[in-house]
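Here is a short exchange about one protein model. Look at the fold before reading on.

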Amino acid sequence: MYWKQWLQTLLSLVVLLGVSELLLPPGELARFAKLVLGLCLMLAVLQPLVLLVNQDLLGVDLAWLRGTDVAPEVELSAERLQWAGIQVLWQEHDQQFASELEKALAALPGVQKVQADLPPQGSGAQSVRIFLEPYEPHLRLDVQETAAALLRVSPGHIAVLPWP
């Protein structure tokens, strides 16, 4: 089926090239039209080869490129940038931000007491500490995931600790 369409395209381009050569007056416009239509004709002739090459590339195993992947470095940089943004936001609105986070976490079923604490800027620590009562494993995970989603950071930046 495809070959039929390809031949039809080639024949129509050849006919269009011939008609344009007959109709256009000699000069720069005719030369330009011939150039454009000739390039289109060349592209149409090479189209099946391009499709064959593309199909071959789909089957090529590029697993050896994983060793040179820079994605972990990019992800690490993105996490650092995201953490810096959270720190700035927290420092500007620390009480309001902490109380809103605590309200959201206190609404989780089973949470009796919760307190959110971010280390001071410049201390080097990169985690939000959340003190929780009662400190149960399933509740700790729920609080950690909820806080990470609200702050838009990875759960690794959330440390859930027992109530002091």
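The questions below go from the overall fold to the core and then to the surface.

This is a predicted model, in which local features need pLDDT of at least 70, side-chain atom pairs count only at pLDDT 80 or more, and totals for chains, interfaces and linings use all residues. Residues are numbered from 1 along each chain as its sequence is written, and side-chain values use heavy atoms, with hydrogens and water left out.

Reader: What pattern does the protein follow along the sequence?
Author: Helices (H or I, at least four residues) and strands (E, at least two) are DSSP runs, numbered from the N terminus. The protein has five helices and three strands. Read along the sequence, the pattern is α-α-α-α-β-β-α-β.

Reader: Which element gives the largest share of the largest nonpolar core?
Author: A nonpolar core is a set of buried Ala, Val, Leu, Ile, Met, Phe, Trp, Tyr and Cys residues joined through side-chain atoms within 4.5 Å. Buried means under 20% relative accessible area, exposed over 50%, partly exposed in between (1.4 Å probe, protein chains only). The largest such core has 20 residues, and L105, V111, V128, I130, V143, L151 and I158 have the most contacts inside it. Its largest share, five residues, comes from α5.

Reader: Leaving aside neighbours within four places in sequence, which residues does L105 contact?
Author: Contact means heavy atoms within 4.5 Å. With those neighbours set aside, the partners of L105 are V111, V114, I130, V143, T146 and A147.

Reader: Which residue in β2 stands opposite A116?
Author: Two strands pair if DSSP finds at least two bridges between them. β1 and β2 run antiparallel and are joined by five bridges. A116 is on the covered face of β1 with V114, while K113, Q115 and D117 form the uncovered one. Opposite A116 stands I130.

Reader: Is F32 buried or exposed?
Author: F32 lies in helix α2, residues 28-58. Its relative accessibility is 53%, so F32 counts as exposed.

Reader: What is the area of the nonpolar surface patch made by F32, L35, V36, L39 and M42?
Author: Patches are made of residues with over 30% relative accessible area and no salt bridge: like charges are joined within 9 Å, nonpolar side chains (Val, Leu, Ile, Met, Phe, Trp, Tyr) within 5 Å. A salt bridge is a side-chain nitrogen of Lys or Arg within 4 Å of a carboxyl oxygen of Asp or Glu. Areas come from the Shrake-Rupley method with a 1.4 Å probe; for residues, only the protein chains shown count as cover. The patch measures about 500 Å².
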